[in-house]
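Reader: I should like to learn how to read the nonpolar core and the strand pairing of a model. Please begin with a single residue.

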Amino acid sequence: MPSDAAEMPFAEFSLEVTEDHLRRFYASAVANSDEWKLALDRFRQKIRLNTWAVVIFIVAFFTVLVLVVMGVVAERFAPLLLLGAIVSAGTSALHGQQLRTQFKAVQSGDLWLKQSVESGAVGPWKIDFSDSGVRSRMRNTDATYGWEHFSAAELVPSHVAVLASQGVSMYIPIELFTSDEAARGFVRRVQSILESHACTAAHRIVAYLRDQSTPCPKCRYDLKGVQHATCPECGLALSFENVPGARGVVMPPRN
Ligand SMILES: [Zn+2]
């Protein structure tokens, strides 16, 4: 067994992706990721606000009704106000129903499962790792990514994850490796390549800003296309923490 991770030969992985694989993968991705948890929390918040809107419109309906009966509101305005309240309550209730359906699709991973199936992810998948990058071939895609596309490699419970700064990450089922030690060796190999390719935090911030119109957090200068990880206008050092939107999209380096 090679002791030096850098000596590990790179391999080609070949697997038959089924819907069941993808379902399990997305369910575990949703359950284990902070980003998903945040997204789901935002969903819950929207649903709560929507429920309040429905309640408020129903209360408004009965308030108007009482005011009409008491003679406070002129009868000629009553139909308009009552209809407005009913339509608003109905529209909000319908929207709430849609939100709940979407929430379930996100929570179960079904939304991404559907997208993956539509994009041809079910079927044979070949992944070639080489010193120049990663080639991924599926039924109707053949894509090659240079190492600068990736930011980190790690062992997660069921997969080896080679994570992209943005865009496509690779998740290789652990059972494709001959042993756990082989999987760990592979992760170390990718990590050493990422380091040697100078895929540093600064590089990835610059890559992220290549075609992202993002204001500098200090002076509001548009950082799109900057050449270095500093703001050309005010000199602020740009990082994952302070560039709006980069957090979560651009993975911080792992120690
Ligand atoms: Zn600035």
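Author: Two residues are in contact if their C-beta atoms, placed from the backbone, lie within 7 Å. Here V190 is in contact with A153 and V162, leaving aside its neighbours within four places in sequence. This is a predicted model, in which local features need pLDDT of at least 70 and side-chain atom pairs count only at pLDDT 80 or more, while totals for chains, interfaces and linings use all residues. Residues are numbered from 1 along each chain as its sequence is written.

Reader: Which residues have the most contacts inside the largest nonpolar core?

Author: A nonpolar core is a set of buried Ala, Val, Leu, Ile, Met, Phe, Trp, Tyr and Cys residues joined through C-beta atoms within 7 Å. A residue is buried if 20 or more other C-beta atoms lie within 10 Å of its own. The largest such core has 14 residues, and A153, V162, V187, V190 and L194 have the most contacts inside it. Helix 5 gives the most to this core, with five residues. A second, separate core of nine residues includes Y208, L223, C231 and L238.

Reader: How should the sheet be read?

Author: Helices (H or I, at least four residues) and strands (E, at least two) are DSSP runs numbered from the N terminus, and two strands pair if DSSP finds at least two bridges between them. Four strands form an open sheet in the order 1-2-3-4, with antiparallel pairing. Strand 1 (12-17) and strand 4 (141-146) each have a single partner strand, so one side of each is left without a neighbour in the sheet. Strand 2 (residues 123-130) pairs with strand 3 (residues 133-138) over five bridges, and K126 stands opposite R137 in strand 3.

Conventions. Buried ≥ 20, exposed ≤ 12 C-beta atoms within 10 Å, placed from the backbone.
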